[in-house]
Amino acid sequence: MDKFMSRVPWSLDLSLKDKAEEVGINFDALMEQLRLNRSDQEIARELAVSEPTVKHLREHFERFGIHSIVGQD
């Protein structure tokens, strides 16, 4: 009999909201800037953070969405 390996629908990675708050960015302001399709440079200037910080947060959003939770049926 094959052993069933459980695949849990959670992650230990922080959500985008948690990551934004960790670096002092208002999550709603970040989401608005992404919605407006602003460049990383424009967002960094608007939110007073570094461009690499914005790049990391954008990549997280584009890869995982708001949460890093990936489940399996």
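In what order do the elements of the chain run from the N terminus on? They run α-α-α-α. The views below come from a predicted model.

**View 1. The whole chain has four helices and zero strands.** The chain holds 73 residues, and buried residues make up 29% of them. Its accessible surface comes to about 5,800 Å². Carbon and sulfur atoms account for 50% of that surface. Among contacts with a separation of 6 or more, 56% join residues 24 or more positions apart.

**View 2. The largest nonpolar core has 13 residues.** Leu 16, Ile 25, Leu 30, Ile 43 and Leu 47 have the most contacts inside this core. Which elements give two or more residues to it? They are helix 1 (16-22), helix 2 (27-35), helix 3 (40-47) and helix 4 (51-64). Helix 2 supplies the largest share, four residues.

**View 3. Leu 16 is among the core residues with the most contacts inside the core.** This close-up leaves aside the neighbours of Leu 16 within four places in sequence. Leu 16 is then in contact with Phe 27, Leu 30 and Met 31. Its contacts also include Leu 57, His 60 and Phe 61. Gly 65 and Ile 66 complete the list for Leu 16. One of these partners, Leu 30, is itself listed with the most contacts inside the core.

**View 4. Helix 3 passes helix 4 in a right-handed crossing.** The axes of helix 3 and helix 4 come within 8 Å. They cross at roughly 115 degrees. Helix 3 is therefore roughly perpendicular to helix 4, a class that spans 65 to 115 degrees. Which residues of the two helices meet? From helix 3 come Asp 40, Gln 41, Ile 43 and Ala 44. From helix 4 come Glu 51, Val 54, Lys 55 and Arg 58. Ile 43 also appears in the list of residues with the most contacts inside the largest nonpolar core.

**View 5. Asp 18 is found in helix 1.** Is Asp 18 buried or partly exposed? Asp 18 counts as partly exposed because its relative accessibility is 36%, and that class lies between the 20% and 50% cut-offs. The view also takes in Ile 66. Asp 18 and Ile 66 are 48 residues apart in sequence. In space, the two are 9.6 Å apart, C-alpha to C-alpha. Ile 66 is also in contact with Leu 16.

How values were computed:
Residues are numbered from 1 along each chain as its sequence is written. This is a predicted model: local features need pLDDT of at least 70, side-chain atom pairs count only at pLDDT 80 or more; totals for chains, interfaces and linings use all residues. Side-chain values use heavy atoms; hydrogens and water are left out. A nonpolar core is a set of buried Ala, Val, Leu, Ile, Met, Phe, Trp, Tyr and Cys residues joined through side-chain atoms within 4.5 Å. Buried means under 20% relative accessible area, exposed over 50%, partly exposed in between (1.4 Å probe, protein chains only). Contact means heavy atoms within 4.5 Å. Accessible areas come from the Shrake-Rupley method with a 1.4 Å probe; for residues, only the protein chains shown count as cover. Axes are lines fitted to C-alpha atoms, for helices over the stretch in contact, and angles run from 0 to 180 degrees between N-to-C directions. Angles under 35 degrees count as roughly parallel, over 145 as roughly antiparallel, 65 to 115 as roughly perpendicular and the rest as oblique. A crossing is left-handed if the near helix is turned anticlockwise from the far one by less than a right angle, and right-handed if clockwise.
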